There are 2 protein chains.
Amino acid sequence: MQKGSLYSHIESKADLLWEVAREGAEAFHAALDGVADDGPVVERIRAALRAHLRVVAEQLDVATVFIREWRYLEGERRDVFLAERRRYEERFRSLFREGRERGELRTDLDDGAAALVALSSVNWAYTWLRPGAKTDELADRFTGLLLDGMRGYSSR
Amino acid sequence: MQKGSLYSHIESKADLLWEVAREGAEAFHAALDGVADDGPVVERIRAALRAHLRVVAEQLDVATVFIREWRYLEGERRDVFLAERRRYEERFRSLFREGRERGELRTDLDDGAAALVALSSVNWAYTWLRPGAKTDELADRFTGLLLDGMRGYSSR
DNA sequence: TCCTGGACCGAACGATCGTTAGGGTGATGG
DNA sequence: CCATCACCCTAACGATCGTTCGGTCCAGGA
């Protein structure tokens, strides 16, 4: 297809970015929806990281916009997108909060930092992940490290 | 300054990118050089994360290239840069390896994953960090979380 | 059968980008 | 006092980008 032909499908480049950004938000939220909302928090965290990395690996185009290119959205669209993005992060955070409140995670856990580090790991993975990588195993390595830490042994 | 005037200082845009990329590598390696090479590994990890985040906050331009824009380097320069970058990551990894070997960290620690998650946190921070943030405190929150994990309590 | 509408092409537009060339300024040192 | 040099400007170039427009091709419905 020639570049001009694209314009029988879209109105403008900005519109296209907006569409893909919404697709991205939808994909990541849908992936999180697939995570059970009961059962051991630890397993739900593992499932959430797996789900996120799976979207990155299987829908690289929309993931690119959701993770990086959204910054070029303008005006109200930017705000709407950012709200959707913050909601996504909040869903992760509430996972950690729930784990703390239930006593399945440390009672002094900083759930904000926890969500930040977890999402940093999977978002940064976007940077270097090669198509065809075993994302579930990678997610599990992240989960293991984040849960039990590097020092000493857990009280599991 | 007008865009044309720039060319009395540089040869080409690619040359400028290459210069800044090297400055970036130098800045991050120099920051790591400031971390003691003996003493408790835990404290050295904390210092390394602090050092990295400090470069991000105080030299945002070179950090941008070191973290993100290096991908537009071409040919041999790209290879040279990538070697320097891998060496940087390796310096982090060897910190964790040493901690494991000395028994200051878990003996079953996956030091590759540990370095990856630690660097993911600070590199992703580049994305959202606002100038004027308290980077040392942020680095310490990362350190605490990574060392002790989210589950149970450390054997500290 | 013809008509319509959608998908794509080809060519062109204005704007921006990386770069070059030529010229002007002002401080410095012989 | 003048030559030099670093530094910056203005103007223009070719290339690329986002977009428009007129036209061609083809499938489906009337």
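A residue is counted as near a DNA strand if its C-beta atom, placed from the backbone, lies within 6 Å of that strand. The structure described here is a predicted model. By this criterion, the surroundings of DNA strand D draw on both protein chains: chain A contributes Lys3(A), Gly4(A), Tyr7(A), Ser12(A), Lys13(A) and Ala14(A), while chain B contributes Met1(B), Gln2(B), Gly4(B), Ser5(B) and Ser8(B). Sorted by class, this surface holds 6 polar, 3 nonpolar and 2 charged residues.

DNA strand C is surrounded by Lys3(B), Gly4(B), Tyr7(B), Ser12(B), Lys13(B) and Ala14(B) from chain B, together with Met1(A), Gln2(A), Gly4(A), Ser5(A) and Ser8(A) from chain A. The surface near DNA strand C likewise comprises 3 nonpolar, 6 polar and 2 charged residues.

The relation between the two protein chains may be considered next. Chain B superposes on chain A, with an RMSD of 0.1 Å, after a rotation of 180° and a shift of 0.0 Å along the rotation axis. The two copies are therefore related as by a two-fold rotation axis. Within chain B, Gly149(B) has the C-alpha nearest this axis, at 1.8 Å.

Contact between the chains involves 27 residues of chain B and 27 residues of chain A. On the side of chain B that touches chain A, helix 5 (111–128) and helix 6 (135–148) each supply at least two residues. Helix 5 of chain B provides the largest share, 7 residues. The residues on this side of chain B comprise 14 nonpolar, 7 polar and 6 charged. Because 100% of the interface residues of chain B are also interface residues in chain A, the copies meet through the same surface.

Helix 5 of chain B merits closer inspection. Its 18 residues reach 26 Å from the first C-alpha to the last, close to the 26 Å expected at 1.5 Å a residue. Many positions in helix 5 of chain B are listed as buried, including Leu116(B), Val117(B), Leu119(B), Val122(B), Asn123(B) and Trp124(B). The cover over the buried residues of this helix includes elements of both chains: helix 5 and helix 6 of chain A, and helix 2, helix 3, helix 4 (75–102) and helix 6 of chain B.

Helix 3 of chain B, spanning residues 60–67, also has buried residues, namely Val62(B), Ala63(B), Val65(B), Phe66(B) and Ile67(B). These buried residues pack against helix 1 (13–33), helix 2 (41–58) and helix 5 of chain B. Helix 5 of chain B thus appears in both settings: among the packing partners of helix 3, and as a contributor to the side of chain B that touches chain A.

Key: Residues are numbered from 1 along each chain as its sequence is written. Chains are lettered from A and ligands numbered from 1 in the order in which they are written. This is a predicted model: local features need pLDDT of at least 70, side-chain atom pairs count only at pLDDT 80 or more; totals for chains, interfaces and linings use all residues. Two residues are in contact if their C-beta atoms, placed from the backbone, lie within 7 Å. Helices (H or I, at least four residues) and strands (E, at least two) are DSSP runs, numbered from the N terminus. Ala, Val, Leu, Ile, Met, Phe, Trp, Tyr, Cys and Pro count as nonpolar, Asp, Glu, Lys and Arg as charged, and the others, Gly among them, as polar. Copies are superposed by least squares on the C-alpha atoms of residues with pLDDT of at least 70 in both. A residue is buried if 20 or more other C-beta atoms lie within 10 Å of its own, exposed if 12 or fewer, and partly exposed in between; C-beta atoms are placed from the backbone. The expected span of a helix is 1.5 Å times one less than its number of residues.
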